[in-house]
Amino acid sequence: MAEETLVLFKNIRNPKYNKSLAGYKKAGGYKTLNKVFGMKPDEVVQEVKESGIRGRGGAGFPTGLKWSFMAKETGKPSYLVANADESEPGTCKDRELMLKDPHLFLEGMMIGCYAVGCHHGYIYVRGEFFPAIKTLIDAVDELYADGLLGPDPMGSGYQLDLTVHSGAGAYICGEESALLDSLEGKRGQPRVKPPFPAVSGFNGCPTSVNNVETLACMPYILSDGGVDAFKSFGPQNNTGTHLVSLSGHVNNPGVYELRMDVNMKDIIYGIGGGIRNGKKLKGVIPGGSSSSVMTADEVDVLYNFDELAKINTMLGSAAMMVFDEDTDVVQLLHRITRFYAHESCGQCTPCREGTHWSRNIIRDFLNGNGSDEKLKRLDRVGGNMLGTTLCALGDAAALPIQSFVKKFPEDFRKYYAN
Amino acid sequence: MPVFHIDGEPVEFEPGEKILSAALRRGKIIPHYCYHPGMSIVATCRMCVVDVIDLGNGRPAPKLQTACSVDAAEGMKVDTMNQKVEEGRKLVNEFLLINHPLDCPICDQSGECTLQDYSFEYGSGKSEMDYSKRVYGWRDIGTFVSLERNRCIQCSRCDRFTREITGTNEFGMFNRGHELTVDTFTDRTMTNKFQGNMADICPVGAITEKEFRFKRRAWKLKKNRSICTGCSTGCNVTIEHDRNEVFRLKPHENQNVNKWWMCDEGRLTYRIMNERKSRINRPLGRVGENLEGISWEEAYGAIAERVREMAPLAQNVIALTDTHASNEELFLIQKLLKDGFSSDNIFCPLPNWEQIESDFFINTLITTDKTPNRAGALALKIKGDAKNAKLKEAVKSDLKVVFVLGNPFETEHDLQQKIKTAQLVVHIGAYHNSWSEIADVVLPGQHYSEKIATYTNKQHLVQATDIAVKALRRSRPEWQILSELAEALGQNYDFTNINQVFDSMSRETKAFSGLNFDQIQSNGIELAQTAKDSGKKLIKAAA
């Protein structure tokens, strides 16, 4: 039976917790920041490296490594940008953090800023998150009023400003370089890499873009004994707790904080309370809509980065979408593909044309115009987007198509068999 | 320079250079749409994929890489032809064609369209896309170009052009995903003076020149390298013509002069190359009030006879020329005056002019001096100033012989009236103008598209034109006219081709000393000695 391990949700799960600055301080907040101001930035980065934390936004890149890549002594300012543009379908963890415990995230953000030498951090929040934007702005105002932000937070002399910037609701602006373009006021389109943001990011300056949840882990990691405790929450290379957004046909959907060594089955049948109405499980999309789908037979696996990668899918943003035996998989895929066709920025060829084309083919199935040939074509068009695009959106659109066609071909055939 | 290998061939590269750029320099073709050497790299068309089989560290790249965005590295090995690469190009080409209207038969780009070329190479000939295509309407976006968005392949070159090259930002990408398209902002028409370049850089027929629409198929055009004589910048161009009719000018890359660009005004000078009505089509001589056709021999004979009769002194002879004349022509008329009449009374209008200074290079292409050879006239020390005081002095004396080359001082009627009273006025030029009306003998010259001639541009770079179209049957190049005229007047010049004139010029003048006509070739050569131009004024570009 899986149980929650409360690190990030320590305050949120406390019914008496007040999310204001006073409430957060009462719960022990901003003590770690004070400690961090006493350390050298390099030491902070080193501790984060040791903790082994991997980015929670989807790619799972080690955060400490990312920070250590930041170009130094360029004569330009460095920036830290929090990626709060949480728009991967199925994911709703960052919203919880921002809405219910903004100061935990902000403290992590401030630690991150100090670690990478950033004096002005930006929080790029998804445009549709109106309540979260308001909460964050209020929290930042509180910090300024308290002097925690500004010229001299906690007497450290480290000038620090934070700006909350709301996006305009484009999925692609969750891609870090598109996010930076959008933040600069341009069209949100992914840039050519290299140069990576760590060398040339926001306004051409070294920039680190980190997920909200990743930053929210920082106060814990950098607290006394935090690194070792953090490491103990999961197997090697998959350290710490993570927030799992469980949705779909389970009895208890929600955001849960789990260790990295929990079996997926336990999550679905334990903490998720099993499939609703006593139905049978058909499949799971394990890491947001862009990950390859898993069949019911495959779910007996540890829910972490490496284990899922072994079976050719991914943890992504840890958004588990469960669907039962009654689910029409073709419609599900149509929904996903329609999303990617709508959200493709359109700049590069395979994704611009491929997302729309594959969506048309799936619609053909729904309209009863499917055929074996079209199924093959769908697989081919999807495959042609894989690994051929500038950013990961092409892959994100291709992986579900290919995996659905591969794992549920019968469901497609049902549409044109008779 | 460090070296990497493309298809087994060693290719040199500069540190930081991309694979594609190094390959193109080497003459190796890698198909591409969005890459343009003059603009930023976006790597969005995905056509230039190559297989990097060795990154330089012994390991291959995990997947196909876009050659435009990957830095070349020492020891790198790149395959541009293998099956994996062909597959990669095929899939990109298939994607590009699914929404392309395939209206090549009515598209002006047809024949010079890279989409067409690469589809021929990598396309399947059969589309599996059985849905309706994306359709947009035709848009009138500017004075010089038109936009057919259905043909667009979203390479964003045009968008980057107005952002990075002209800085006018009036053009952009709209919508997203499948509906991504290009247009002008707020549906206005463009006003920048370099729109023709957008038609040049558009790899497909989405942006085409209005001037050229539906006039001639691109593959019928013959091309000649030349320079634009529309102003003193001297942009390198190719004159594109068919059946002795010029259809358009296209810029030719010259990093020292115009890079890849030219202005719309320069492009429009193709019209005058086809002008026939105002052309002087045979030598003319004055009989009473009228000009009547005569032969070349008669013309030279008549001039020689009159000159002999009058036996003019140095102050009785003047020559007027404009800076449309080439270096050789200016040199020869100067030489003729000096050798034949011991006169240096050669005058040329040299009004003040303005050079724009701008952060955007392309703006500096436009000058207010609309003649091609001001620097050449200055180098040859031909007199002329804004007020023409010396000229007025000269015409006060008893004028006997006046040579007029081209159309100088066209607005100065008093001067023309005064010169009309001279005993012999010889006009040499390609077009009828107020001078040919008052001349006693008119000798038909040629337009620069019809002859070889060198011009000195504002950077003191000597560049040459080439014969693109056939000249009028009874016209002759001005250098030949001047040299034949000199012979008729008793000089022993014996120039049989332009090289000899140029060699003579480089021997006899300081400015051109040491220059060799054969050196001019593609990029032009700088003058040995440059004259200071007091009429030049720098102005800041309007923001």
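**Note on the chain contact, the domains of chain B and one helix of chain A**

1. In this predicted model, the contact between the two chains draws 24 residues from chain A and 25 residues from chain B. On the side of chain B that touches chain A, the largest share belongs to helix 2 of chain B (residues 83-98), which contributes six residues. Sorted by class, that side of chain B consists of 13 nonpolar, eight polar and four charged residues.

2. Chain B is divided by the domain assignment into domain 1 (3-91), domain 2 (100-273) and domain 3 (284-532). Taken over C-alpha atoms, the centres of domain 2 of chain B and domain 3 of chain B are separated by 37 Å, and the contact between these domains takes 29 residues from domain 2 and 28 residues from domain 3.

3. Turning to the side of domain 2 of chain B that touches domain 3 of chain B, at least two residues come from each of strand 11 (222-227) and strand 12 (236-242) of chain B. Strand 11 of chain B provides the largest share of that side, namely four residues. The composition of this side of domain 2 of chain B is twelve nonpolar, 14 polar and three charged residues.

4. A separate point concerns helix 5 of chain A (residues 93-100), which is mostly covered, with six of its eight residues buried. The buried residues of this helix of chain A are A:Lys93, A:Asp94, A:Arg95 and A:Glu96, together with A:Leu97 and A:Met98.

Conventions:
Residues are numbered from 1 along each chain as its sequence is written. Chains are lettered from A and ligands numbered from 1 in the order in which they are written. This is a predicted model: local features need pLDDT of at least 70, side-chain atom pairs count only at pLDDT 80 or more; totals for chains, interfaces and linings use all residues. Two residues are in contact if their C-beta atoms, placed from the backbone, lie within 7 Å. Ala, Val, Leu, Ile, Met, Phe, Trp, Tyr, Cys and Pro count as nonpolar, Asp, Glu, Lys and Arg as charged, and the others, Gly among them, as polar. Domain bounds come from an automatic or database domain assignment. A residue is buried if 20 or more other C-beta atoms lie within 10 Å of its own, exposed if 12 or fewer, and partly exposed in between; C-beta atoms are placed from the backbone.
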